[in-house]
Amino acid sequence: MADVLSEVRVNPIACSGHGVCAELLPELISLDEWGYPVIAGDGVIPARLARTARRAVTDCPALALLLAPRGYSEEAQRLAGLRGGTLGT
Ligand code: SF4
C-alpha cells in the first residue's frame with residue numbers, strides 16, 4: 001500500500017471533538033482551544049506514521065477522521081459524501 005501518498009483529513013461536521021486523534025497521532029494532529037483537531041501542514045502522512053494514522057482513523061469515535069489520497073480536494077470529498085474511513089483505496 002502506498003501510504004506515503006495519503007493525507008489525513010477531518011470531516012468537521014462529523015467531528016465531535018473527542019481528541020482521540022491528537023492523542024494517537026500527535027505528530028500530525030493537535031487540538032485547538034475548543035478541542036477540535038488541527039492538521040499539521042498539508043496532512044501528508046510519512047510512511048513511518050502510516051500504521052499509527054490508520055489506527056487513529058479506526059479509533060475515532062465519530063468516524064470523522066479519514067485517510068484520503070494525496071491531493072484529494074475538499075470538493076471531491078463533499079461530492080463523495082464523506083463519512084470517514086479510507087477513501088480511494
Ligand atoms: S477523534 Fe475524531 S471526533 Fe475526536 S477530535 Fe479527532 S476527528 Fe474529531
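## Overview

Helices here are DSSP runs of H or I with at least four residues, strands are runs of E with at least two, and both are numbered from the N terminus. By that rule, Gly71 falls in the loop between β4 and α3 (74–79). The model is predicted.

The protein has three helices and five strands. Their order from the N terminus is β-α-β-β-α-β-α-β. Of the 89 residues, 24% are buried. Long-range contacts carry much of the count: among contacts with a separation of 6 or more, 54% join residues 24 or more positions apart.

## Strands β1 and β4

Strand β1 covers residues 6–10 and runs antiparallel to β4, with five bridges joining the two. One bridge pairs Val8 with Leu67 of β4. Five of the five residues of β1 are buried, so the strand is largely enclosed by the rest of the structure. Both of its faces are covered. Ser6, Val8 and Val10 are buried on one side, and Glu7 and Arg9 are buried on the other. In a regular strand, side chains alternate between the two faces of the sheet.

Strand β4 spans residues 65–69. Four of its five residues are buried, so β4 too is largely enclosed by the rest of the structure. Pro69 belongs to this strand. Which class of burial does Pro69 fall into? Pro69 counts as partly exposed, because it has 14 C-beta neighbours inside 10 Å, and a buried residue needs 20 or more. Pro69 and Ser6 lie 63 residues apart along the chain, yet their C-alpha atoms are separated by 4.6 Å.

## Helix α2 and the core

Helix α2 runs from residue 50 to residue 59, and its buried residues include Ala53, Ala56 and Val57. These three cover an arc of only 100° around the axis, which puts them on the same side of α2. The general background is simple: an α-helix has 3.6 residues a turn, so residues three or four places apart point the same way.

The largest nonpolar core holds 16 residues. Ala53, Ala56, Val57 and Leu65 have the most contacts inside it. The elements giving two or more residues to this core are β1, α2 and β4. The biggest share comes from β4, with four residues. In soluble globular proteins, nonpolar side chains tend to be buried together.

## Ligand shell

The ligand is surrounded by 14 residues. The closest are Cys15, His18, Cys21, Cys60 and Ala62. How does the shell divide by residue class? It has 10 nonpolar residues, four polar and no charged.

## Loops

Leu63 sits in the loop between α2 and β4. Its phi is positive, at about 55°, although it is not a glycine. Most residues other than glycine have a negative phi. Leu63 counts as partly exposed, with 14 C-beta neighbours inside 10 Å.

Leu28 is placed in the loop between α1 (20–24) and β2 (29–31). Is Leu28 buried or exposed? Leu28 counts as buried, because it has 23 C-beta neighbours inside 10 Å, where the cut-off is 20 or more. Leaving out residues up to four places away in sequence, Leu28 touches Val8, Ile39, Ala40, Gly43, Ile45 and Leu49. From Leu28 to Val38 the C-alpha distance is 8.3 Å, with their positions 10 residues apart in sequence.

## Exposed loop positions

Asp32 is in the loop between β2 and β3 (37–39). Asp32 has 10 C-beta neighbours inside 10 Å and so counts as exposed. Asp32 and Gly17 are 15 residues apart in sequence, and their C-alpha atoms are 9.6 Å apart.

Gly71, in the loop between β4 and α3, is exposed as well, with 10 other C-beta atoms within 10 Å. The C-alpha atoms of Gly71 and Asp42 are 9.2 Å apart, and the two residues are 29 apart in sequence.

Definitions and conventions
Residues are numbered from 1 along each chain as its sequence is written. This is a predicted model: local features need pLDDT of at least 70, side-chain atom pairs count only at pLDDT 80 or more; totals for chains, interfaces and linings use all residues. A residue is buried if 20 or more other C-beta atoms lie within 10 Å of its own, exposed if 12 or fewer, and partly exposed in between; C-beta atoms are placed from the backbone. The arc is that of the directions from the helix axis to the C-beta atoms. A residue is near a molecule or strand if its C-beta atom, placed from the backbone, lies within 6 Å of it. Ala, Val, Leu, Ile, Met, Phe, Trp, Tyr, Cys and Pro count as nonpolar, Asp, Glu, Lys and Arg as charged, and the others, Gly among them, as polar. Two strands pair if DSSP finds at least two bridges between them. A nonpolar core is a set of buried Ala, Val, Leu, Ile, Met, Phe, Trp, Tyr and Cys residues joined through C-beta atoms within 7 Å. Two residues are in contact if their C-beta atoms, placed from the backbone, lie within 7 Å.
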